[in-house]
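Grab a coffee and work through a few exercises on the structure below. Try each task yourself before you read the solution.

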Amino acid sequence: MKIEARELSKIYGNGENRVVALDRVNLEIGINDFISIMGPSGSGKSTLLHLLSGLDRPTSGSLTYDGRDIYSLSDRELSTFRRRRIGFVFQQFHLLPVLTARENIIMPLLLDKKQPDEAYLMQLTELLGIGDRLGHLPHELSGGQQQRVAIARALIAKPDIIFADEPTGNLDSKSGGEVMKMLENIWKRMGTKLVIITHDSQIAQMAERRFVIVDGVLSEVTVK
Ligand code: ADP
């Protein structure tokens, strides 16, 4: 699947309060791309991620997934599309505290009235090193383990792409490093596109294609 953003802009507010959060961004995400986007706080990273994943709509510009115009979908169609085709990993994990790790992981499928593919669930959780933690509640897990549960949840519906917003932002450097290695491993083994937003240049450098965003303007870093 190919994803193409054309001239995406997002403007908040009017008059004195007008903020151009995203300024005519063009981006093509090809099959099996691993992309990192780095930029200072307030540069437009989250806005871009929200637009690329259809969580929000732009002021102007277009976004297609395999030629299909995503913003022409209704909110309801868009949320079904997201649930089936896109995985999210957040800085704050966003696990439901009263559900076990396993229940959290399969939640996106249950919302779609589907049953998990048990073999795939096992493969995924083994790969993430949480196979023996599935009966635990989130508060019984370390931060790194919670994030790995969140990654399994992002992957359970076999999405085409994973968007990760500062996935290691809430972890110490050791568990952050482990989580990144696992994400990279999953990207290699499962052929899922991966887009990571980060402050951390070491993490940014793990990606195949690197971008920086400053004042809403996105540019690709060409490696010499
Ligand atoms: P980053 O993720 O890089 O920290 P954001 O995408 O959150 O940056 O924000 C980009 C710019 O848009 C910032 O100047 C921010 O203050 C502004 N912004 C973000 N969301 C809103 C909003 N809902 N209303 C008004 N301004 C916003």
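## Exercise 1: The second largest cavity

The second largest cavity holds about 40 Å³ of space. Keep in mind that you're working with a predicted model. Your task: find out which residues line the second largest cavity, and which elements give two or more residues to that lining.

Solution.
- Step 1: collect the residues. The lining consists of L49, H50, L55, F88, V89, F90, F163 and D165.
- Step 2: place them on elements. Helix α1 (45–52) and strands β6 and β7 (161–165) each give two or more residues to the lining.
- Step 3: sort by class. You should end up with 6 nonpolar, 1 polar and 1 charged residues.

## Exercise 2: The largest cavity

Now say how many cavities of 30 Å³ or more there are, and describe what lines the largest cavity.

Solution.
- Step 1: count. With 30 Å³ as the cut-off, there are 2 cavities.
- Step 2: take the volume. The largest cavity comes to about 50 Å³.
- Step 3: list the wall. I151, L155, I162, L183, I186, W187, T192, K193 and L194 line the largest cavity.
- Step 4: assign the elements. Two or more lining residues come from each of α5, α6 and β8 (193–198). Helix α6 has the largest share, with 3 residues.
- Step 5: check the chemistry. The lining splits into 7 nonpolar, 1 polar and 1 charged.

## Exercise 3: Two pockets

Next, work out what volume the largest pocket has and which residues lie nearest its centre. Then do likewise for the second largest pocket.

Solution.
- Step 1: start with the largest pocket. Its volume is about 410 Å³.
- Step 2: look at its lining. There are 13 residues, and R83, F88, P108, L111 and R153 lie nearest the centre. The elements giving two or more residues are α2 (75–85), β6 (86–89), α3 (101–111) and α5 (143–155).
- Step 3: classify that lining. It has 8 nonpolar, 2 polar and 3 charged residues.
- Step 4: move to the second largest pocket. Here the volume is about 240 Å³, and 15 residues form the lining. S173, G176, G177, D200 and I203 are the ones nearest the centre.
- Step 5: find the elements. Helices α6 (173–190) and α7 (201–204) give two or more residues each to the second largest pocket, and the largest share, 5 residues, belongs to α6.
- Step 6: classify again. The second largest pocket is lined by 4 nonpolar, 7 polar and 4 charged residues.

## Exercise 4: A helix pair

Is α4 parallel or oblique to α6? Back up your pick with the angle, then list the residues in contact.

Solution.
- Step 1: get the geometry. Helix α4 (residues 118–127) packs with α6 at an angle of about 140°, and the axes are 10 Å apart.
- Step 2: apply the cut-off. Roughly antiparallel needs an angle over 145 degrees, so α4 counts as oblique to α6.
- Step 3: name the contacts. Helix α4 brings Y120, Q123, L124 and L127, while α6 brings M182, N185, I186, R189 and M190.
- Step 4: sort them. The α4 contact with α6 has 6 nonpolar, 2 polar and 1 charged residues.

## Exercise 5: Two sheets

Last one: what is the strand order in the sheet of 4 strands and in the sheet of 6 strands, and which strands stand at the edges?

Solution.
- Step 1: recall the basics. Strands of a sheet pair through backbone hydrogen bonds, in either a parallel or an antiparallel way.
- Step 2: trace the 4 strands. They form an open, antiparallel sheet in the order β2-β1-β4-β5. Strands β2 (19–29) and β5 (68–69) each have a single partner strand, so one side of each has no neighbour in the sheet.
- Step 3: zoom in on one pair. Strand β4 (residues 60–65) pairs with β5 in the antiparallel sense over 2 bridges, and T64 sits opposite D69 in β5.
- Step 4: trace the 6 strands. This open sheet runs β6-β7-β8-β3-β9-β10 with mixed pairing. Its edge strands are β6 and β10 (217–221), each pairing on one side only. The average twist from one strand to the next is 20°.
- Step 5: zoom in again. Strands β7 and β8 pair in the parallel sense over 5 bridges, and A164 has I196 in β8 as its bridge partner.
- Step 6: add the helix. Helix α5 packs on the sheet and touches β6 and β7. The direction of α5 makes about 170° with that of β6.

Conventions:
Residues are numbered from 1 along each chain as its sequence is written. This is a predicted model: local features need pLDDT of at least 70, side-chain atom pairs count only at pLDDT 80 or more; totals for chains, interfaces and linings use all residues. Side-chain values use heavy atoms; hydrogens and water are left out. On a 1 Å grid over the protein atoms alone, a cavity is a set of points where a 1.4 Å probe fits but cannot get out, and a pocket is an open set with protein on both sides within 12 Å along at least five of seven lines; lining residues have an atom within 4 Å of a point. Grid points are joined across faces, edges and corners, and a volume is the space filled by probe spheres set on the points. Ala, Val, Leu, Ile, Met, Phe, Trp, Tyr, Cys and Pro count as nonpolar, Asp, Glu, Lys and Arg as charged, and the others, Gly among them, as polar. Axes are lines fitted to C-alpha atoms, for helices over the stretch in contact, and angles run from 0 to 180 degrees between N-to-C directions. Angles under 35 degrees count as roughly parallel, over 145 as roughly antiparallel, 65 to 115 as roughly perpendicular and the rest as oblique. Contact means heavy atoms within 4.5 Å. Two strands pair if DSSP finds at least two bridges between them.
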